[in-house]
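Visitor: Could you pick one part of this protein and walk me through it slowly? I'm new to this, so please take it piece by piece.

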Amino acid sequence: MGLSVKNIFFKNTAINTFFITRLHENQIEEKVWLCKNKLRFDITAKHSMICLDPFCMSVWLPSDQTDLFDPKNVGINFTKADKTMAEINVDLIEILPTANGALLLYKIESVKNYQINAIHRLVLFAWLLRSKKNTYQSRRVISALYSYPRKIIIVSYQDEDYYNIFPMDIQGYIAEEDIYILGLRTTNVTLDKILAAKKVVICDTDTIDIETVYALGKHPSTSPTKKNEMPFAINDSELFGFPVPAIIGSYKEVEIIANRKMGYHMLLVGKVVNTKVINPNPASLYHVGFLQYQNSSYQSIDAKY
């Protein structure tokens, strides 16, 4: 029955929550906007997912914009070529002041998806992606959030007795403040160690294959893969001496300056204290939502995981 439904609505198409692609930032086709009444601010490079249970987002705005409107109950729109792909309504949780603006923390209240057509969306969310772990509503929210490609990064941490290298996509970088936003699972053993040391290294996934990246996330954080068993050579980062893959294009060494428990994830805000550029124009692996991928020119990278 499932195969018949799939063939009727999505012929010759693998059904996944999202697809994986490799892009340079200037190849991303989508834009993201914060909307309030008649105001609209481009937050494409200023927003992040920060928690999936409950669903939360962060938005950074410069000081001259935060004074223009009431930040409560705003809309976040995802567009492509000026056509709306998804809309999310959010409510303000907290405002974290920064040097040049403010980081607004939002909880997602409702969502609307517009990709393809209503019948295809219903079949996808209610049938083809059904899961005991995720509700119908959560599948809709995830689809909306991944209407914008989510960069996959590699995080590195080390102390005298422990190290871990793992991938994540609940993250964002605010160039205007030179800060990193990370949403780590509270069950990740490495989290408490990062909070204690207040240090972490963020690496790109420039030329690393997706199977290698996913494999890094398969081990439990209590027993990370041994360095001599890593599928790539390792170098030490310049400032912290943390292990970083030798095949990356760049990395940032980050000092944690703030944290907030958002639910199932811990929000970490970090200040970049050193940037190492190995490849001046690194690409990255990205997750793109299934519906959004159907309307894109992105090339899929198959993964075995």
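Guide: Sure, let's look at helix H4, and keep in mind that this is a predicted model. H4 covers residues 136-145, and it's mostly covered up, with eight of its ten residues buried. Those eight are Ser138, Arg139, Arg140, Val141, Ile142, Ser143, Ala144 and Leu145.

So what does H4 pack against? One partner is helix H3, residues 118-128: the two pack at an angle of about 125 degrees, and their axes are 9 Å apart. An angle over 115 but not over 145 degrees counts as oblique, which is why H3 is called oblique to H4. As for handedness, H3 passes H4 in a right-handed crossing. On the H3 side, Leu122, Phe125 and Ala126 make the contact, while H4 brings Tyr136, Arg139, Arg140 and Ser143. Sort the residues of this contact by type and you get four nonpolar, one polar and two charged.

Now follow Leu145 of H4 into the bigger picture. The largest nonpolar core has 44 residues, and Leu145 is among those touching the most other members, along with Leu34, Ile76, Phe78, Ile88, Ile108 and Leu124. Strand E8, residues 101-113, gives this core its largest share, five residues. Apart from this core there's another one, of 38 residues, including Tyr162, Cys203, Val272 and Leu285.

Back in the largest core, Ile76 is worth a look too. Skipping its neighbours within four places in sequence, Ile76 is in contact with Val32, Trp33, Ile43, Met57, Val59, Ala86, Glu87, Ile88 and Val90.

Technical notes: Residues are numbered from 1 along each chain as its sequence is written. This is a predicted model: local features need pLDDT of at least 70, side-chain atom pairs count only at pLDDT 80 or more; totals for chains, interfaces and linings use all residues. Side-chain values use heavy atoms; hydrogens and water are left out. A nonpolar core is a set of buried Ala, Val, Leu, Ile, Met, Phe, Trp, Tyr and Cys residues joined through side-chain atoms within 4.5 Å. Buried means under 20% relative accessible area, exposed over 50%, partly exposed in between (1.4 Å probe, protein chains only). Helices (H or I, at least four residues) and strands (E, at least two) are DSSP runs, numbered from the N terminus. Contact means heavy atoms within 4.5 Å. Axes are lines fitted to C-alpha atoms, for helices over the stretch in contact, and angles run from 0 to 180 degrees between N-to-C directions. Angles under 35 degrees count as roughly parallel, over 145 as roughly antiparallel, 65 to 115 as roughly perpendicular and the rest as oblique. A crossing is left-handed if the near helix is turned anticlockwise from the far one by less than a right angle, and right-handed if clockwise. Ala, Val, Leu, Ile, Met, Phe, Trp, Tyr, Cys and Pro count as nonpolar, Asp, Glu, Lys and Arg as charged, and the others, Gly among them, as polar.
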